[in-house]
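Thank you all for coming. I would like to walk through one structure this morning, slowly, since it may be new to many of you, so please have a look at it first.

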Amino acid sequence: MRFAVLVAAAAAVLVCRPAAASYPCGIYARIDKVEFGPDETKPRWVKVYGDFILVKTSARLSDPERGFMYFSLVEGKEELCRLEWADLKALAKPGAFDRNVVAFGSAHAEQNDALARDGDSPNVHKGGTGAEPVPYPLNQGLSRLRTTRLEESDRESSPNPAVLLKKFLASHPVSQK
């Protein structure tokens with residue numbers, strides 16, 4: 001009996017491995033500003049300006065990119081979209097560029113290829129016309145990320161998206177207009 005328990009315990013140790021880190025959210029963004037349209041009271045679309053990292057379903061992180069992501073309402077969930085959009089706008093405080101980091105969407109939901117421009121990069125627009133909004137990803141809600149107090153897991157070489165966005169901001173400063 002003791003031998004069987006010992007064998008079962010050894011098998012459990014060999015089979016069980018620590019879980020690999022994963023990214024539940026699909027978009028990490030450092031927010032500069034948020035623009036609603038066609039009006040502020042009942043917007044049908046939102047443009048979120050800032051720096052973005054997209055997480056693919058394989059848990060690969062895209063390189064940070066600056067521009068804006070353009071989202072439309074999700075049919076039947078209009079009020080929830082507007083609530084999250086209002087939260088995004090509240091994060092966009094002038095002068096607090098290094099603290100406006102948020103995660104939203106989902107890396108594990110149904111794949112939305114419209115969120116990626118080329119399969120590896122976020123569908124970030126640099127300006128101009130012709131941009132089409134994609135349905136807003138309502139999967140995880142919004143999570144504001146810590147950027148002011150680094151932890152042991154947030155070292156310079158860390159793939160932590162908040163650390164990567166802060167590092168990108170340091171090498172690509174934003175105009176303080």
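Let me begin with a question: which residues does G105 touch, if we do not count residues up to four places away in sequence? The model in front of you is predicted, and in it G105 touches P24, C25, G26, P137, N139, Q140 and G141. This glycine sits in the loop between β4 and β5, the latter being residues 134-135, and G105 is buried, with a relative accessible area of 1%. Take G26 from that list of partners: G105 and G26 are 79 residues apart along the chain, and yet their C-alpha atoms are separated by 4.9 Å.

Let me now step back to the chain as a whole. There are 3 helices and 6 strands, and from the N terminus on they follow the order α-β-β-β-α-β-β-β-α. The protein chain has 177 residues, of which 40% count as buried. Among the contacts with a separation of 6 or more, 69% are between residues 24 or more positions apart.

Next, the helix α2, residues 78-91. With 14 residues at 1.5 Å a residue, this helix should span 20 Å, and its end C-alpha atoms are indeed 20 Å apart, so the two values agree. Its buried residues are C81, R82, E84, W85, L88 and L91, and these pack against five strands, namely β1, β2, β3, β4 and β6.

That brings us to the interior. The largest nonpolar core has 23 residues, and those touching the most other members are I31, V48, F71, W85, L88 and Y136. At least two residues of this core come from each of β1, β2, β3, α2 and β4, and β1 gives the most, with 5 residues. To follow one member, V48 is in contact with I31, K33, V34, G67, F68, M69, F71 and L88, leaving aside its neighbours within four places in sequence. There is also a second, separate core of 9 residues, which includes V55, V101, A103 and A162.

Finally, a word on confidence. The mean pLDDT of the chain is 75, and 65% of its residues reach 70 or more. Among the elements, α2 has the highest mean, at 93, whereas helix α1, residues 2-15, has the lowest, at 46. Over residues 5-21 the pLDDT is below 50, and beyond near neighbours in sequence this stretch has 0 contacts in the model.

Note on methods. Residues are numbered from 1 along each chain as its sequence is written. This is a predicted model: local features need pLDDT of at least 70, side-chain atom pairs count only at pLDDT 80 or more; totals for chains, interfaces and linings use all residues. Side-chain values use heavy atoms; hydrogens and water are left out. Helices (H or I, at least four residues) and strands (E, at least two) are DSSP runs, numbered from the N terminus. The expected span of a helix is 1.5 Å times one less than its number of residues. Buried means under 20% relative accessible area, exposed over 50%, partly exposed in between (1.4 Å probe, protein chains only). Contact means heavy atoms within 4.5 Å. pLDDT is the predictor's confidence in each residue, from 0 to 100. A nonpolar core is a set of buried Ala, Val, Leu, Ile, Met, Phe, Trp, Tyr and Cys residues joined through side-chain atoms within 4.5 Å.
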